[in-house]
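Thanks for making time this morning. I would like to walk you through one model, taking the cysteines, one buried polar residue and the salt bridges in turn.

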Amino acid sequence: KQQAVDLIPDGHANKLVRLLNNLGNAFTCRFEHLGELGDIENAILVHQQTVDLTPDVHAYKAGLLNNLGNAFSYRFRRLGELRDIENAIHVKQQAVDLTPAYGHADKAGCLNNLGNAFQSRFEHLGELRDIENAIHVQQQAVDLTPDDHADKASWLNNLGNAFQNRFERLGQLRDIENAIHVKQKAVDLTPDGHANKASWLHNLGGAFQSRFKHFGELGDITEATVAYKQATENTSSRPLIRYHAACCWANLCSRHQSCSSALDAYTVVLEIIPQVVWFGQTVHRRYEELPKIGRIINAAAAMAISVGDLPRAVEWLEEGRSIVWKQILQLRTPLDELRQQHPDIADELLRVSQALDEAGTSSFQHFFQDIDLEIKYRSAEEEAQNHRRLAARYEQLLQEVRGLEGFGSFMRPKKFSELAPAARNGPVVIINVHYSGCDALVVCPSPPIIHVPLPTFSYGEAVKMHSELISSLRAGGDRDRETFQYLTNCMVSNFILKEILSKLWVFVAHPILSALYENTHDSLPHITWCATGAFAFLPLHAAGIYEPDDPTKNVPVNISDFAVSSYTTTLTAMLGSGPKPKQDPTKTSSVLIVSQPGTGKGFLPSVAKEVEVIQHYTTSDHTCHLTNESATIGAVLVEMSKYEIIHLACHGIQDIENPLNSAFALYDGRLDLNTLMRLSLKNAELAVLSACETATGDEKLPEEAVHLAAGMLAVGYPGVIATMWSICDPDAPLIADKVYANLLGHRDNSESQKAKLTPVYALHEAVMHLRREVGEMNFVRWVPFVHFGV
C-alpha cells in the first residue's frame with residue numbers, strides 16, 4: 001500500500017480517496033494486533049492528511065472522517081489523553097452529519113462509532129449525558145442494520161456495553177437486562193471461528209458478572225464462566241482478548257466455584273501468555289504487558305498451593321518469571337543435540353533465532369511526519385515487517401522440531417522434575433505473595449518441596465515495606481553513590497531498615513529456617529532466595545532482630561547466624577550453572593578489572609584503592625586492568641572472553657523506561673544489557689559489579705529481574721556479586737579486599753591457598769567484616785551487597 005501511494009501523483013483522486021485511506025486503515029489494523037504506538041501515530045497522520053485534502057462534498061468524506069475518528073479513539077485508549085477523545089467525537093459527529101439519514105450504507109457505522117466515542121469519554125469523565133448519547137446513537141445504528149449484515153453483531157455488542165455502563169452508574173435492572181439481551185444476540189449472530197467471537201463472549205461474561213455483583217444470583221456466575229471459557233476456546237481471536245477472558249474465568253472460579261475449575265482456567269491462562277508476549281513484538285512492547293501478567297501468575301500459584309499441588313505451583317511461578325529474559329535467552333540456546341541429528345533444521349533455526357534476536361532488541365526508531373519523506377519511514381517499516389515474518393517462521397520451526405522423534409519437549413516450559421536439580425547445592429526458597437496469602441516453597445533434594453505457609457504476612461505488607469524502603473533510601477541520598485559517600489547521618493534509613501529487617505525475620509525468614517532445620521544439619525547452609533512481587537526488592541538475606549526492644553525477652557538474631565544467602569532470578573538460571581572445576585586446584589583465576597573513576601555522574605575516589613587491593617591477590621600474567629581511555633566498550637567486550645572473573649568498578653545506570661538500556665558507564669559510552677546479552681562466555685566464573693544499583697531492577701517489573709546482575713548471569717557468569725542500592729564509596733575497597741582474599745588466597749601464603757572459598761561464602765565473610773567496621777546498625781552500608789547465582 002505504501003508503494004502504491006508513492007507511485008501515484010499527488011493530484012490523483014484514487015490516491016486521495018482510496019490508497020491513503022487504505023494505508024491509514026492498515027496502520028490502525030496492525031496497531032490493534034500488535035499495540036505498537038508508532039502505528040496509530042502514523043494512522044492519524046495519514047488519515048488527517050486525507051481529510052484535509054478532501055472537500056465536504058466528496059462522496060467519501062464521511063468515511064474518511066470516521067476513520068480518522070477511530071484512530072483518535074484508539075490512541076485515547078492507549079494514552080488516555082482527553083484531547084484525543086474530544087477530537088474523535090468532533091470528527092465522528094461530522095461524519096454522521098455528512099451522511100444522509102436514510103438509505104446510506106455507512107450511516108449505521110458512523111452512528112456506532114460516534115456512540116463508542118461517547119462511551120469512551122463517559123468512562124473517562126463520568127458525565128451521564130455521554131452514556132445517554134451513546135445509547136441513543138448506537139440504538140439507531142442497530143435499528144438501521146438487518147440481522148444478516150456483517151456488522152450487526154458488532155453494533156449489538158457496543159450497544160450492550162453502553163447499557164451495562166449506564167447500569168453500573170444508575171443500578172437500574174432494565175439496563176443490565178437489555179445489555180445481556182443484545183450481547184447474547186451478538187454472540188448468536190457470530191459463527192464459531194470468527195475473529196470477534198471471543199470479544200463478544202468476553203463482554204457477555206462481563207454483563208453476567210456485573211448483574212451478579214448487584215443482585216448476587218449464583219446463576220449469573222455460572223453463565224459468566226461459561227461465556228469466558230468459550231471465549232478462550234475461539235483460537236482465531238486475538239490472544240489478548242482470550243487471555244483477559246481466561247483471567248476472568250479463573251478469577252470467578254477461584255472465588256465462587258471449585259478449585260479444580262480454577263486450576264483448569266489458570267492452565268489456559270499460562271498457555272496463552274506466550275501468545276500475548278510474542279516474539280514478533282519489540283522487547284519494549286513485551287515489557288508493557290508484564291506487570292498485569294505477574295499478578296495473575298501469583299494468583300495461579302496461590303491456587304495450586306491451596307490444593308496441595310506444589311510441583312505445579314513451582315512450575316507456574318517459574319514459567320511466569322523472567323518471561324522476556326527467557327525469550328531472549330531462548331534465541332541464544334545452543335542447538336548441539338539438534339544439530340547432531342538434524343543439522344539442516346538446526347542451522348535454519350539458529351539463523352532465524354539470531355535475526356529475530358537482533359530485530360526484537362533493535363533500538364531503531366521510526367517517525368512518520370510527511371507522506372513525501374519516505375526513506376526513514378520505509379526502512380523502519382521494512383524492519384517491522386521482517387521482524388514479524390521472522391517470528392512466524394521461528395514459531396513454525398519450533399513446531400517442526402517438536403514433531404521430530406525425541407524432541408517433543410524442545411524449548412517448552414520445564415516440568416518440576418527438570419527444575420528440581422537447581423537445589424543440588426542447597427535449598428532454593430521461592431516466595432509467592434498474593435492478596436489471598438503468602439507462602440514459601442522450598443525446593444530441596446529431599447523432600448523435593450517443603451511448603452511453609454506465611455500466614456502473618458500479606459501482599460499489602462510486602463508492598464508497604466518496599467515503598468518505605470525506597471522512600472527512605474531516596475530521602476537519605478542512598479540511591480546515589482557520589483552523594484552517599486558524603487553522608488554523615490543515615491539515621492532515618494537505618495531506622496526504617498531495622499524495622500523492615502525485623503519483620504522479615506519474624507514473619508518470613510524464621511518460619512522458613514525453622515522448617516529447613518528439620519531437614520538439614522549443615523553448620524552454615526547455602527540458601528538461595530527466589531522471591532516474587534514486592535519481595536523481589538526486599539533484603540531477605542539480612543533479615544534479623546539486631547537490637548531487641550526488650551533485651552530481657554529477645555536476643556539479637558539474624559539470618560547470617562544460620563545460613564549464607566544468594567538470590568536467583570529463576571530456577572532455570574541455576575540449571576547447568578556452577579563453578580567450573582579446574583584441573584589444578586591451586587591455579588589462580590584470571591581477573592579482568594575495569595575501572596572508571598571519572599565517567600558517569602560523579603568522581604569515585606576509592607576506585608584506585610579498589611584496584612590496588614585486587615591486584616594484591618593476583619599476578620600480572622593473570623590480570624588485565626582497563627581504566628580511563630583504555631576502558632572502552634569495544635575493549636571490554638574483547639577482553640571479557642579471555643578472563644574468568646570480571647570486576648567492574650564504575651557507575652551503574654538503571655534505565656527504568658527501557659530496562660535493556662541499563663548499563664555500565666565506560667570511557668566512550670554505555671555498555672548496556674542489550675549489548676552484553678549478545679555475548680556467550682564459556683569460561684566465565686564470577687562477575688563483581690562494584691557499581692551502583694546493579695541488582696535493583698524495575699519496580700514495575702518485579703517478576704522480570706531486569707537489572708545488570710541478571711544480565712551478567714544471562715551472559716554466562718554462574719555467580720554475580722552486586723548491590724541492591726548505592727554503596728558508600730570507601731566501602732568498595734574493603735569488600736573487594738576480603739572477597740578476593742577469600743576467593744584467591746594470599747599469593748605469598750601457601751597455607752591460605754587451601755582455604756579458598758566459593759564466591760557466596762567469600763562475600764558473606766567480607767560483609768561480616770564490613771558490619772564490624774561500620775557498625776551493625778549502619779544497615780545502609782552493609783546490607784546492599786548481595787550474591788546472585790550459584
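What follows is a short tour of the side-chain pairs and burial in this structure.

Please keep in mind throughout that this is a predicted model, and that the values I quote are computed from it.

Let me start with the cysteines. A disulfide is a covalent bond between the sulfur atoms of two cysteines. In this model the count of disulfides comes to zero. Take Cys-248, for which the nearest cysteine sulfur belongs to Cys-247 and sits 6.9 Å away; because a disulfide needs the two sulfur atoms within 2.5 Å, Cys-248 is in no disulfide. As for accessibility, Cys-248 has a relative value of 24% and therefore counts as partly exposed, while Cys-624, at 14%, counts as buried.

Next, a polar residue, Asn-165, which is placed in helix α8, spanning residues 152-170. Is Asn-165 buried or exposed? With a relative accessibility of 12%, Asn-165 counts as buried, since the limit for that class is under 20%. If we leave aside residues up to four places away in sequence, Asn-165 touches Gln-119, Phe-122, Glu-123 and Ile-131.

Now to the charged pairs. Side chains of opposite charge can pair when their charged atoms come close. The count for this model is 25 salt bridges, and I will pick out a few of them.

One of these joins Asp-175 and Arg-166, at 2.9 Å from N to O, and both Asp-175 and Arg-166 are buried.

Another is formed by Arg-211 and Glu-177, whose closest N and O atoms are 3.1 Å apart. Arg-211 belongs to helix α10 (residues 197-215) and Glu-177 to helix α9 (residues 173-189), so this pair ties together parts that are 34 residues apart in sequence. Here the partners fall into separate burial classes: Arg-211 is buried, at 17% relative accessibility, whereas Glu-177, at 36%, is partly exposed.

The last pair is Glu-348 with Arg-393, where the closest N and O atoms lie 2.9 Å apart. This salt bridge links distant parts of the chain, with Glu-348 in helix α18 (residues 343-360) and Arg-393 in helix α19 (residues 375-402), 45 residues apart. Glu-348 is partly exposed, with a relative accessible area of 24%, and Arg-393 is likewise partly exposed, at 23%.

Which residues share a network of salt bridges with Glu-348? They are Arg-351, Arg-393 and Glu-400, and with that network I will stop and take your comments.

Key: Residues numbered from 1 in each chain as written. Predicted model: local features only at pLDDT ≥ 70, side-chain atom pairs only at ≥ 80, totals over all residues. Heavy atoms only, no water. Buried < 20%, exposed > 50% of the residue type's maximum accessible area, 1.4 Å probe, protein only. Helix = DSSP H or I, 4+ residues; strand = E, 2+ residues; numbered from the N terminus. Contact = heavy atoms within 4.5 Å. Salt bridge = Lys/Arg side-chain N within 4 Å of Asp/Glu carboxyl O.
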